Amino acid sequence: VIIFGIGRYGHTMAKILRQEGLSILGIDFDPQKIRQWKKETLPARYGDAEDVEFMKSLPLQTARWIISTIPRHETNQILISSLKENYYQGKIAISIFDPKEIESSQKMSADLILLPYKDAAAKAAQRIMKSLL
């Protein structure tokens, strides 16, 4: 599982998914968050979800899920396009904060839409695990 955005929501989700036996790679644009993850022995890389070239450096062929905890519609749109350009075959979850964006987000062909204020990280992690069964 590759998680873009490793703040509180992504961090909590990663811990739960890791406890369930999944391998996690965290991606963030904030060096401080990367350092924090590495202190907790969680693999993390500095990167930008909007960097199309960066996607080529990720282990997309082995990732079963790409999860974006970044609530920006434009960023998620770029991320999904970039994943498609790189022939990503797994599932994609995106986050939105404003329920008014659900309809437009559904058009992006994400497999799962997360609402961080509604879906606690634990619930979101459970939804990811359930889809793997």
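Which elements make a right-handed β-α-β unit? In this predicted model, the unit consists of strand β4, helix α4 (residues 73-85) and strand β5. The paragraphs that follow begin with the sheet to which the two strands belong, then turn to the helices, the nonpolar cores and some individual residues.

The sheet is open and is formed by 6 strands, arranged in the order β3-β2-β1-β4-β5-β6, with parallel pairing. At its edges stand β3 (44-46) and β6 (112-114); each has a single partner strand, so one side of each is left without a neighbour in the sheet. On average, and with direction ignored, neighbouring strands of this sheet are turned by 20° against each other.

Within this order, β4 can be followed through its pairings on both sides. Strand β1 (residues 2-4) pairs with β4 in the parallel sense, over 3 bridges, and I3 has I67 of β4 as its bridge partner. Toward β5, strand β4 (residues 65-68) is joined by 4 bridges, and these two strands also run parallel. Three positions of β4 illustrate how the pair is aligned. W65 has K91 of β5 as its bridge partner, I67 has A93, and S68 stands opposite I94. I67 is thus a bridge partner of I3 and of A93 in β5.

The side chains of β4 are divided between two directions: W65 and I67 point one way, I66 and S68 point the other way, and all are buried.

The next strand in the order, β5, continues the parallel arrangement, since 3 bridges join β5 to β6. Here I94 has I113 of β6 as its bridge partner. Why is β5 described as largely enclosed by the rest of the structure? The reason is that 4 of its 5 residues are buried.

One residue of β5 deserves a closer look. S95 has its place in this strand, which covers residues 91-95. S95 has a relative accessible area of 0%, so it is buried. Leaving aside neighbours within four places in sequence, S95 is in contact with Y9, S68, T69, I70, P71, N76, L114 and P116. With S68 there is also a polar contact: the backbone oxygen of S68 lies 2.8 Å from a polar atom of the S95 side chain.

The helix of the β-α-β unit, α4, contains S82. Is S82 buried or exposed? Its relative accessibility is 1%, so S82 counts as buried. Beyond the residues within four places in sequence, S82 is in contact with V52 and M55. Another approach between distant parts of the chain involves D51, which is found in the loop between β3 and α3 (52-55). D51 and I78 are 27 residues apart in sequence, while their C-alpha atoms are 8.4 Å apart in space. With a relative accessibility of 34%, D51 counts as partly exposed.

Toward the β3 edge of the sheet, helix α2 (residues 31-39) lies across β2 (25-28) and β3, and runs at about 160° to β3.

Which residues of the largest nonpolar core touch the most other members? Of the 23 residues in this core, they are V1, M13, L17, I24, I67 and L114. At least two residues of the core are supplied by each of α1, α2, β4, β6 and α6 (121-132). The largest share, 5 residues, comes from α1. Apart from this core lies another of 22 residues, among them I2, L60, I92 and I94.

Helix α1 also offers a residue with a partly exposed position. R18 has its place in this helix, which covers residues 8-19, and its relative accessible area is 36%. That value lies between the limits of 20% for buried and 50% for exposed, and R18 is therefore partly exposed. Not counting residues up to four places away in sequence, R18 touches I24, E40, T41 and L42. Where T41 is concerned, its backbone oxygen lies 3.0 Å from a polar atom of the R18 side chain. R18 and L42 are 24 residues apart along the chain, and their C-alpha atoms are separated by 9.0 Å.

Key
Residues numbered from 1 in each chain as written. Predicted model: local features only at pLDDT ≥ 70, side-chain atom pairs only at ≥ 80, totals over all residues. Heavy atoms only, no water. Buried < 20%, exposed > 50% of the residue type's maximum accessible area, 1.4 Å probe, protein only. Contact = heavy atoms within 4.5 Å. Polar contact = N/O pair within 3.5 Å; in protein donor to acceptor, adjacent residues only side chain to side chain. Pairing = 2+ DSSP bridges. Axes fitted to C-alpha atoms, helices over the stretch in contact; angles between N-to-C directions. Core = buried A, V, L, I, M, F, W, Y, C linked by side-chain atoms within 4.5 Å. Right-handed = clockwise from strand over helix to strand, strands pointing away.
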